[in-house]
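Me: Please take a close look at the cysteines in this model. I want to know how they sit and whether they pair up, with a word on a couple of other sites for context.

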Amino acid sequence: TEELSRRLTDLGLKLEAIERPGHDITGPLVVGRVLTKSPEPQKNGKTINWCTVDVGDANGTGEPQGIVCGAHNFDVGDLVVVVLPGGVLPGPFPISARRTYGHVSAGMICSAAELGLSSEADGIIVLPADAGAPGDEAMGVLGLDDDVIEFEINPDRAYALSLRGVAREAALAYGV
C-alpha cells in the first residue's frame, strides 16, 4: 500500500490518506447464525436478548456460543458478525467470556460502531443471507482486510476520479 501510494504520488496524484479499517481488530471475528433469541426484561428497565449463535468450528468445539446482546434489530436465522473470546476490538476493548445479566456471555455480536466502522450504532450488523457460513472469517466479508488509498484529485486530473484512471496510473507507475 505504501509503495503504490508513493509511486502514484510520484506521478502527480496527491495522497490524502491511507485508511486501514479493521487494523486494530485482532482475534477471531467470524460470521455467526443466530439460533435462538430470548428477550429478558431487566430490573433497570432494559431488555437484553439471551442468544445462542452458531459460529461453526471457530470456537474450537463446534457448539453454539451463548451471547448476551442488547440490540433488537435481528432475528433467529440471521447471519451476524461475532467476536469470540480472545478477540480485541478498537479501543482497545478485549473480549472474554464473562458473566453479565445472569448469563456467561462468550463473545459479542457486533455493531458497526463497535468495529470502528461508524460513529453511530443502529443495532448490530445483520449480514446478507449469502455472506458466508457460520465460522467463516468476517474480516473479508466486511471489507476490513483491504487498505483504502485516498487521493486529492486536482481539476486537471479528472481521469483519476475513476478506478480505471487510477489503474492506468498504477500501470504507468509499475511499467506495465
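Reply: Here is a look at the cysteines, followed by two other positions. The model is predicted.

Start with the disulfide count. The structure holds zero disulfides. What separates C51 from bonding? Its sulfur lies 5.6 Å from the closest cysteine sulfur, which belongs to C69, and that is too far for a bond. The cut-off for a disulfide is a sulfur pair within 2.5 Å. C69 is likewise in no disulfide, and the nearest cysteine sulfur to C69 is that of C51, 5.6 Å away. A disulfide is a covalent bond between the sulfur atoms of two cysteines.

Are these residues buried or exposed? C51 has 0% relative accessibility, so C51 counts as buried. C69 has 4% relative accessibility and also counts as buried. The cut-off for buried is under 20%.

Next, T100. This residue is found in strand β8, which covers residues 97-100. T100 is buried too, with a relative accessible area of 18%. That value falls under the 20% cut-off. Beyond its neighbours within four places in sequence, T100 is in contact with V68 and S105.

Last, D146. Its place is in the loop between α2 (138-141) and β12 (148-152). D146 is partly exposed, because its relative accessible area is 47%, and partly exposed runs between the 20% and 50% limits. How far is D146 from A171? The two are 25 residues apart in sequence and 20 Å apart in space, C-alpha to C-alpha.

Definitions and conventions. Residues are numbered from 1 along each chain as its sequence is written. This is a predicted model: local features need pLDDT of at least 70, side-chain atom pairs count only at pLDDT 80 or more; totals for chains, interfaces and linings use all residues. Side-chain values use heavy atoms; hydrogens and water are left out. Helices (H or I, at least four residues) and strands (E, at least two) are DSSP runs, numbered from the N terminus. Buried means under 20% relative accessible area, exposed over 50%, partly exposed in between (1.4 Å probe, protein chains only). Contact means heavy atoms within 4.5 Å.
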